[in-house]
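Student: I've got this model open and want to talk it through. Can we start with the overall fold and then look at one pocket?

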Amino acid sequence: MRYLAVIIGVFVTIAVSQPAEARKRGTTNQEIALVENLPDTDEYQIDGSFVDVGYMYKETSLLFIPLWAEETTETFVLYTETEDGYAYLPLDDEELEQLKSKLGSDPTEGYSFSRWKHMWGVFPAGLLILLGIYSTLFGKKDDEEEA
């Protein structure tokens, strides 16, 4: 059991270690959650790509496992997916009102950002930490009894 804790510790150390100039753990990416699909018409096309309404947030992850998510200052956006990620245009209040009048409904109505959908990685990490603590505290007794 003690070896399992050491192996887990080594993997966690390797995963969070970065060059000194980075000064942050894990990675933080800006992501966009789909709020509403807009019709694929010329009216909702920018530079040859059809856009949708999305909600922008920042997600912090470790080894591609999301640990934390938070809202950004640019919340609702028009976006399209590209080869490099997303191309987006933040919507201010006036632009959002114009979009509402064109669609005849409010695409943002009823949408609420839920951090819990993006924090599921905290639970496995917590279990690994608890397993390491358990093996440290109670694993030594097994070794002493065998000797």
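Tutor: Sure. Helices here are DSSP runs of H or I with at least four residues, strands are runs of E with at least two, and both are numbered from the N terminus. Keep in mind that this is a predicted model.

Student: In what order do the elements of the protein chain run from the N terminus on?

Tutor: The chain has 3 helices and 6 strands to place. Reading from the N terminus, the order is α-β-β-β-β-β-β-α-α.

Student: Which helix gives the most to the lining of the second largest pocket?

Tutor: That pocket has a volume of about 180 Å³. Its lining includes E95, Q98, L99 and K102, and the residues of the lining divide into 6 nonpolar, 1 polar and 3 charged. With 4 residues, the top contributor is α2 (residues 93-103).

Student: Why do the buried residues of α2 line one face of the helix?

Tutor: Buried means under 20% relative accessible area, and in α2 that picks out L96, L99 and K100. Look down the helix axis and these residues line one face, because they fall within an arc of 100°.

Student: Which strands do those buried residues pack against?

Tutor: Turned away from the buried side, α2 shows the exposed residues E94, S101 and K102. On the buried side, the packing partners are β4 (52-62) and β5 (65-82).

Student: What residue follows α2, and what is its phi?

Tutor: Helix α2 covers residues 93-103. Right after the helix comes G104, with a positive phi near 85°.

Technical notes:
Residues are numbered from 1 along each chain as its sequence is written. This is a predicted model: local features need pLDDT of at least 70, side-chain atom pairs count only at pLDDT 80 or more; totals for chains, interfaces and linings use all residues. Side-chain values use heavy atoms; hydrogens and water are left out. On a 1 Å grid over the protein atoms alone, a cavity is a set of points where a 1.4 Å probe fits but cannot get out, and a pocket is an open set with protein on both sides within 12 Å along at least five of seven lines; lining residues have an atom within 4 Å of a point. Grid points are joined across faces, edges and corners, and a volume is the space filled by probe spheres set on the points. Ala, Val, Leu, Ile, Met, Phe, Trp, Tyr, Cys and Pro count as nonpolar, Asp, Glu, Lys and Arg as charged, and the others, Gly among them, as polar. Buried means under 20% relative accessible area, exposed over 50%, partly exposed in between (1.4 Å probe, protein chains only). The arc is that of the directions from the helix axis to the C-beta atoms. Contact means heavy atoms within 4.5 Å.
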